[in-house]
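Work through the following exercises with the sequence and the model side by side. Each task is followed by a solution that goes step by step.

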Amino acid sequence: MTPFVTIHGDAYPKAQTEARVLWEKDTLFFGIKLFEPRMADVKAKKSDRDSGVWEDDCIEIFLKPSDGDWHQFIVNSKGVQEDHKSENMGWNGKWESAAGKFDGGW
């Protein structure tokens, strides 16, 4: 999936993002590559799960399965997770994440 637009949908960011989605019987896989020419400026202060990871530079994925509740999954460039289910901010889903850096992005 590309190209992505800015949060208001009115422009393309200077550094693009690439995303791929795959699935098996009961599993979704997201592969996301964020290009960032200024990696030293990437904010990643959070190191504990559910500690406000959304305040860092992060990836957020929202899913709304057929049960009607939305699910939010957040990962920063250190691989730290945060998740929520609808208004249940204390919900911890069963999911895995990993993050890594490369020359020009994460």
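The exercises begin with the whole chain and then turn to single residues.

This is a predicted model, in which local features need pLDDT of at least 70 and side-chain atom pairs count only at pLDDT 80 or more, while totals for chains, interfaces and linings use all residues. Residues are numbered from 1 along each chain as its sequence is written, and side-chain values use heavy atoms, with hydrogens and water left out.

**Exercise 1. Describe the secondary structure of the chain and its overall dimensions.**

Step one is to list the elements, where helices (H or I, at least four residues) and strands (E, at least two) are DSSP runs numbered from the N terminus. The chain has zero helices and five strands, and the order from the N terminus is β-β-β-β-β. The radius of gyration, taken over C-alpha atoms, is 14 Å, close to the 13 Å that the globule rule (2.2 Å times the number of residues to the power 0.38) gives for 106 residues, so the chain is as compact as a globular protein of that length. Step two is the box: along the principal axes, the C-alpha atoms fill roughly 40 × 30 × 30 Å.

**Exercise 2. Determine what share of the chain is buried and how its contacts spread along the sequence.**

Buried means under 20% relative accessible area, exposed over 50%, and partly exposed in between, with a 1.4 Å probe and protein chains only. On this scale, buried residues account for 27% of the 106 residues. For contacts (heavy atoms within 4.5 Å), the pairs to consider are those at least 6 apart in sequence, and 33% of these join residues at least 24 apart.

**Exercise 3. Place aspartate 83 in the fold and characterise its surroundings.**

Begin with the element: aspartate 83 belongs to strand β5, residues 81-85. Next, its relative accessibility is 0%, and therefore aspartate 83 counts as buried. Then examine the side chain, which makes a polar contact of 2.7 Å with the side chain of tryptophan 95; a polar contact is a pair of N or O atoms within 3.5 Å, where within protein one must be able to donate a hydrogen and the other to accept it, and residues adjacent in sequence count only if both atoms are side-chain atoms. Finally, leaving aside neighbours within four places in sequence, the contacts of aspartate 83 include Arg49, Asp50, Gln72, Phe73 and Trp95.

**Exercise 4. Is threonine 2 buried or exposed, and which residues does it contact?**

Threonine 2 lies in the segment before β1 (17-23), and with a relative accessible area of 53% threonine 2 is exposed. Beyond its neighbours within four places in sequence, threonine 2 is in contact with Gln16 and Thr17. The side chain of threonine 2 also reaches the backbone oxygen of threonine 17 at 3.3 Å.

**Exercise 5. Relate serine 86 to tryptophan 70 by position, accessibility and contact.**

Serine 86 lies in the segment after β5, whereas tryptophan 70 is found in the loop between β3 (58-63) and β4 (71-76). Serine 86 is buried at a relative accessible area of 14%, while tryptophan 70, at 28%, counts as partly exposed. Not counting residues up to four places away in sequence, serine 86 is in contact with Asp69 and Trp70, and the residues that tryptophan 70 touches include Phe62, Leu63, His84 and Ser86.
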